[in-house]
Amino acid sequence: MDNSRRLLILYGSQTGCAKEVAERIWRESKWLHYSGPVMAIDDYPIDKLIFEKKIVFVCSTTGQGDQPDNMKTTWKFLLRKNLPSSSLTDVEFAVLGLGDSSYAKFNHVAKKLYRRLIQLGGKPLCNIGLADDQHDIGAFAVIDPWIDNLWNVLIEKHPLTDGLTPIDRNSLPPPKWNVHAISSNSTIQTNEKLPNNDLLKPNSTIVTCFSNTKTTAENHFQDVRLLKFEHSENSINYSPGDVLMVRPVNSEASVNNFFQLLNDNKKMKLNPTTILNVAQCSNDMPVPYNLCKQFTLYQCAKYYWDLNIIPNRYTFQLLSYFTDNVLEKEKLKEFTTPEGQDELYSYCNRPRRTILEVLTDFPHATANLTLEYLFEIFSPIRPRAFSIASAPSVHINEIHLLVAVVTYKTKLLAKRIGLCSTWLASLNIGDQIPVWIQKGAFKFPYSQSCNVIMIGPGTGVAPFRSFVHEAVVNKCGNAKTLHLYFGARNRLGDFHCVDDWEKLVVDEKLSLYTAFSRDQDHKIYVQHILEKNEEELLKLLSSNECYVFVAGNAKDMPTAVRNVFVNILTKNKHLNTIDMMETKGFYQTETWS
């Protein structure tokens with residue numbers, strides 16, 4: 001292989017998003033005749049890094065600025081102080097970070113990696129990309145133009161030689177794998193689950209649902225569930241602040257809609273019992289564990305593809321290659337241009353239009369899709385992270401989750417639903433699911449002299465239920481040191497886990513402050529209760545050791561709460577600032593969109 005056409009693509013991914021983006025970069029690199037592997041950062045032999053010429057890193061940031069699990073080993077190596085500053089002199093690199101600006105350490109891993117590679121002598125091909133989940137059209141508002149610019153930079157710095165010319169970027173990129181349909185006569189049962197490597201992950205197990213109860217009133221606008229699972233003794237270990245990883249499956253309604261869409265396909269005749277065989281096209285892109293053995297199309301639609309996902313710009317680009325209708329092609333192409341991003345947002349992101357609805361809206365493209373490209377159009381179901389609401393020393397061999405069932409209306413006729421929350425709420429007593437534990441954003445302290453202020457409106461209270469119970473049973477907290485601020489709409493409507501809190505208050509193990517926004521003429525939120533308690537908060541913040549934890553929806557609450565603490569510290573000329581507290585881990589947040 002011509003080493004000048006080698007491009008190494010490495011990713012650090014916690015939930016799969018960075019991996020998908022890295023694989024897309026790998027596919028598009030074929031336009032410029034590049035070859036080379038795409039793999040998790042820790043799967044690459046680190047001692048070979050100095051011999052590479054061009055490397056693209058795609059990495060996410062988890063928790064309080066932590067690196068994903070599949071890059072921790074390499075991360076530690078790269079940060080070693082004894083590495084020569086000329087280690088990567090011959091390496092050109094690019095870094096794309098995937099993050100969420102609602103966290104203080106936004107894209108911390110990508111920023112630090114970028115700086116460290118330069119310190120080691122690496123030469124950046126282009127500016128670092130900092131994608132943000134909080135953007136109106138999501139992370140792809142940065143990902144798409146960053147990738148486009150990467151190819152422009154590479155073609156300028158490393159023009160093709162030996163008579164090679166760039167493959168037309170308006171042509172269809174090659175598929176990841178070869179996929180073949182086999183006769184439906186098989187012993188594979190459509191209701192069998194796909195092989196799953198989730199149970200091969202560290203700290204994973206099968207849990208059994210033994211309780212699924214609503215914590216909201218019957219007439220409340222939202223359905224919130226306290227789900228309780230039991231697991232065999234010593235099968236997994238967790239601490240307060242950890243999260244439970246769960247990979248949902250699609251509803252039967254979505255699977256049926258998928259097969260209805262295939263009825264008019266001109267290129268292939270498929271049905272739920274069609275057997276598929278996936279083989280790799282290149283050693284650089286191996287077939288995932290789930291798809292290594294033959295499986296039915298039903299299994300793939302039910303357990304592998306996310307039929308509820310909101311498609312990104314790249315999906316529309318792929319569809320534009322398949323349509324034979326002029327108007328469809330024109331519209332699909334428009335969605336892929338910089339000028340068409342506002343219209344794409346209005347069509348797709350604002351109303352939360354799913355991939356199945358998009359395929360329905362573009363029937364000519366859908367009718368011409370081929371089997372291999374179904375694996376490009378559809379993305380794998382990613383696991384979801386839920387804060388654990390149980391305490392390991394109190395709820396023995398159990399794991400509890402507090403889950404808000406996501407459902408809402410947009411301008412589209414059909415209501416929007418959350419794939420994972422809806423699936424979890426549908427679990428029956430005795431149902432078993434594979435899960436695994438990962439470190440969450442919070443790192444809780446355990447000390448009798450330590451003050452802890454917790455702000456957790458709604459389901460944001462889940463990790464605090466875990467921590468408070470654990471601290472109390474281990475005699476590391478009481479009403480003087482544990483302060484919980486809880487917010488909801490109504491005391492009688494959505495006061496989650498009220499029995500727990502009231503007993504802890506009666507036993508003088510917890511100080512509880514509540515804000516029920518709709519129980520009076522004017523709205524009261526947690527930030528208003530914090531402002532009211534300024535004097536008490538200042539005393540706590542001025543103690544030798546005080547931690548603040550904020551958990552909940554990322555929209556307005558975290559900023560409003562932060563502003564209250566900033567004002568308290570500034571107004572009273574406190575030596576600490578929130579920035580200082582965040583840096584030292586004394587002010588921590590865990591938010592979600």
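In the predicted model, phenylalanine 375 is in contact, beyond its neighbours within four places in sequence, with Lys176, Trp177, Val179, Leu276, Val278, Leu291, Phe295, Cys300, Tyr304 and Trp305. Phe375 belongs to the largest nonpolar core, which has 100 residues, and together with Leu424 touches the most other members of that core. Helix H4 (residues 140–157) supplies the largest share of this core, with eight residues. A second core, separate from this one, has 31 residues, among them Val224, Phe467, Val468 and Tyr547. In soluble globular proteins, nonpolar side chains tend to be buried together.

Val468 of the second core also takes part in a helix pair. Helix H14 (residues 462–473) and helix H15 have axes that come within 12 Å and cross at roughly 35°. The crossing of H14 past H15 is left-handed. On the H14 side the residues that meet H15 are Phe464, Arg465, Val468, His469 and Val472, and their counterparts in H15 are Asp500, Trp501 and Leu504.

The loop that precedes H15, running from strand E19 (482–488) to the helix (498–506), contains leucine 492. Leucine 492 has a relative accessibility of 79% and therefore counts as exposed, the cut-off being over 50%. The C-alpha atom of leucine 492 is 9.3 Å from that of histidine 220, although the two positions lie 272 residues apart in sequence numbering.

A further helix pair is formed by H7 (residues 313–322) and H8, whose axes come within 8 Å and cross at roughly 150°. The two helices are therefore roughly antiparallel to each other, and their crossing is left-handed. The contact involves Arg313, Phe316, Leu319, Ser320 and Tyr321 from H7, and Lys329, Leu332, Lys333 and Phe335 from H8. Arg313 is also part of a network of salt bridges that links it with Arg24, Glu28, Asp144 and Asp148.

Both H7 and H8 are packed against by the buried residues of H9, as is helix H10 (355–361). These buried residues of H9 are Gln341, Leu344, Tyr345, Tyr347, Cys348 and Asn349. H8 and H9 are further joined through charged side chains. Glutamate 343 and lysine 331 form a salt bridge in which the closest N and O atoms are 2.4 Å apart. Because glutamate 343 lies in H9 (residues 341–349) and lysine 331 in H8 (residues 326–335), the pair ties together parts that are 12 residues apart in sequence. Both partners are partly exposed: glutamate 343 has a relative accessible area of 33%, and lysine 331 has one of 25%.

Over the whole structure, 27 salt bridges are found. Side chains of opposite charge can pair when their charged atoms come close. Among these pairs, aspartate 361 and arginine 353 meet through their side chains at an N to O distance of 3.2 Å. Aspartate 361 is partly exposed, with a relative accessible area of 37%, whereas arginine 353, at 11% relative accessibility, counts as buried. Another salt bridge connects glutamate 582 with arginine 562, with 3.1 Å between the closest N and O atoms. Glutamate 582 lies in helix H19 (residues 578–584) and arginine 562 in helix H18 (residues 557–571), so this pair ties together parts that are 20 residues apart in sequence. Here glutamate 582 counts as buried at 16% relative accessibility, while arginine 562, at 26%, counts as partly exposed.

Valine 243 is located in strand E10 (residues 243–246). This residue is buried, since its relative accessible area of 8% falls under the 20% cut-off. Outside its neighbours within four places in sequence, valine 243 is in contact with Ala385, Phe386, Ser387, Ile388, Trp436, Ile437, Gln438, Lys439, Gly440 and Glu590. Leucine 262, which is 19 residues from valine 243 along the chain, has its C-alpha atom 38 Å from that of valine 243.

Key: Residues numbered from 1 in each chain as written. Predicted model: local features only at pLDDT ≥ 70, side-chain atom pairs only at ≥ 80, totals over all residues. Heavy atoms only, no water. Helix = DSSP H or I, 4+ residues; strand = E, 2+ residues; numbered from the N terminus. Buried < 20%, exposed > 50% of the residue type's maximum accessible area, 1.4 Å probe, protein only. Salt bridge = Lys/Arg side-chain N within 4 Å of Asp/Glu carboxyl O. Core = buried A, V, L, I, M, F, W, Y, C linked by side-chain atoms within 4.5 Å. Contact = heavy atoms within 4.5 Å. Axes fitted to C-alpha atoms, helices over the stretch in contact; angles between N-to-C directions. Parallel < 35°, antiparallel > 145°, perpendicular 65-115°, else oblique. Left-handed = near helix turned anticlockwise from the far one by under 90°.
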